Amino acid sequence: MFPASDTVLVAAPAATAVFTAVLTGGPVSRVRLARRLGLSSAAVTKAARPLIERGYLHELAATDRTGPGAGRPASPLAVRADREFFVGVKITADELIGVVCDLRAEVRATARRPLADPAVDGVLAEVGRLVDDLLDAVPEHRTRVRRLGLALSGDVDRTTGLVRYSPFLHWRDVPLGQRAAEATGLTVTVENDVKALTAAEHWFGEGVGAESFALVTVGTGIGCGLVVNGRLVSGSYGVAGEIGHIAVDAAGPDCHCGGRGCVEAIAGTDALVAQARERTGRADLGFDEAVALARGGHEGVRAVFTRAGGAIGCGIAAVANLVGPTRIVVSGEGLAAYDLFDTHIRTSFERQAFGAAARCPLSIRPLPFEEWARGAAAVSIQSLVLP
Ligand SMILES: [Zn+2]
């Protein structure tokens, strides 16, 4: 995070725990918070006081009580969602997608800008313009935004804001956090896009309350964010959850990673297009046309999507068999063709998942690019309490 972590809202462990619990699971009474966090009621009250004074938390009147946390006759604590706003930006090779989110990660404004050139200087200039567009959209945005979250695919060091390698942008060792902080004057977080999306699901989506869960993204790449024992898994060598490079067909096509028969080599967007071209003999066929042909009943192209759904289901079953997550969310821009994948992913998953692992519920849903930007904003929200 840039500038460095003196901008963390709360540093004491009890205050961090209380704020995080209310943010992700509130409104919730002090009694219930104390029980859940293993703190005394007095410790909860003490931890919450500065957060109330600074306007991040407030007490609901007894009659306003809603939600699962409201079990006892005490005023529950809730987050003041409009206390601070956060900008999130997803960087792709040809476009920036931005959102403004409130403290509960609800999207308040969206904007996009095309990227003509993926060179670092050009991208930073466009990020600056996009942030301006978003802050000008509503007057209170400019006064209440202090933080910017950036997300992009590739190997990213969240703690230093360094992009070690981003294949789609052709970047190596770019100090993106520092450069973006200088360009915008905001406190900046940088995270891998799949991990950012996983953070949003973990704190504000289907992953709330799940001890472990997995988010699988289907698109140009096939990615996976893993939360185990309540923590996002980063991997000792910076790699974890690379479901796209699990081999599911030893005799399958070569993968760009150097492996063979990887899920991504069968079900990634480029692989789907290549197979559809082969089946139709049309070298100019694009992804949208392939989807249209499959929906129109073209047997050969339908088979390509059937095979891809099968490969994705096998990859997901491998995650379930290894980690045993509480639930798995399957999403991504590739699932715009949701109807062509859904059944085959589920059938293959149920066949390959071992025993009770097959009981793990799958949520399969498409994902607009704005959700990735929301993930970037969610990481920025997390930086209030996570250095
Ligand atoms: Zn591979």
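**Aromatic pairs, a zinc site and two sheets**

F287 is buried, with a relative accessible area of 18%, a value that stays under the 20% at which the buried class ends. The model discussed here is a predicted one, and F287 serves as the point of entry to the aromatic residues.

Four aromatic pairs are found in the structure. One of them joins F287 and F305, whose ring centres lie 6.4 Å apart and whose planes enclose 55 degrees, an arrangement classed as tilted. Because F287 belongs to helix α10 (residues 287-295) and F305 to helix α11 (residues 299-323), this pair ties together parts of the chain that are 18 residues apart in sequence. The partner ring is buried as well: F305 has a relative accessibility of 2%, whereas F287 has 18%. Together with F341, the residues F287 and F305 make up one aromatic cluster.

Aromatic rings also meet charged side chains in this model. The charged end of K90 is placed over the ring of W372, at 4.3 Å from the ring centre, and R172 lies over the face of Y165, where the distance to the ring centre is 4.1 Å.

From the rings we turn to the metal. Which protein atoms act as donors of the zinc ion? They are ND1 of H245 and the SG atoms of C255, C257 and C262, which lie 2.0 to 2.4 Å from the ion. Along the sequence these donor residues follow the spacing H-x9-C-x1-C-x4-C. The angles that the four donor atoms subtend around the zinc ion run from 104 to 122 degrees, and the arrangement is therefore tetrahedral, since that class requires all angles to lie between 85 and 135 degrees. For comparison, the ideal angle for four tetrahedral donors is 109.5 degrees. Among the donor residues, C255 counts as buried at 9% relative accessibility, and C262 likewise counts as buried, at 3%.

I266 is placed in helix α8 (residues 263-267). With a relative accessible area of 2%, I266 is buried. Its C-alpha atom is separated by 30 Å from that of V190, a residue 76 positions away along the chain.

The strands remain to be described. Five of them form an open sheet with mixed pairing, in the order β5-β4-β3-β6-β10. At its edges stand β5 (107-114) and β10 (187-192), each of which pairs on one side only. On average, and with direction ignored, neighbouring strands of this sheet are turned by 20 degrees against each other. Within the sheet, strand β3 (residues 85-91) and strand β6 (residues 145-152) pair in the parallel sense over six bridges, and V87 stands opposite L148 of β6.

A further open sheet consists of three strands in the order β7-β8-β9, and here the pairing is antiparallel. The edge strands are β7 (155-157) and β9 (171-174), each pairing on one side only, and the average turn between neighbouring strands, direction again ignored, is 10 degrees. Strand β8 (residues 162-166) is joined to β9 by three bridges, the two strands running antiparallel, and S166 is found opposite W171 of β9. The contact between R172 and Y165 described above, at 4.1 Å from the ring centre, can be located in the displayed structure alongside these strands.

Terms used
Residues numbered from 1 in each chain as written. Predicted model: local features only at pLDDT ≥ 70, side-chain atom pairs only at ≥ 80, totals over all residues. Heavy atoms only, no water. Phe/Tyr/Trp six-rings, centres within 6.5 Å; stacked < 30°, edge-to-face > 60°. Helix = DSSP H or I, 4+ residues; strand = E, 2+ residues; numbered from the N terminus. Buried < 20%, exposed > 50% of the residue type's maximum accessible area, 1.4 Å probe, protein only. Lys NZ or Arg CZ within 6 Å of the ring centre and 35° of its normal. Donors = N, O, S within 2.8 Å, 3.2 Å for Na, K, Ca; no water. Tetrahedral: all angles 85-135°; square planar, octahedral: opposite > 155°, others 65-115°. Pairing = 2+ DSSP bridges. Axes fitted to C-alpha atoms, helices over the stretch in contact; angles between N-to-C directions.
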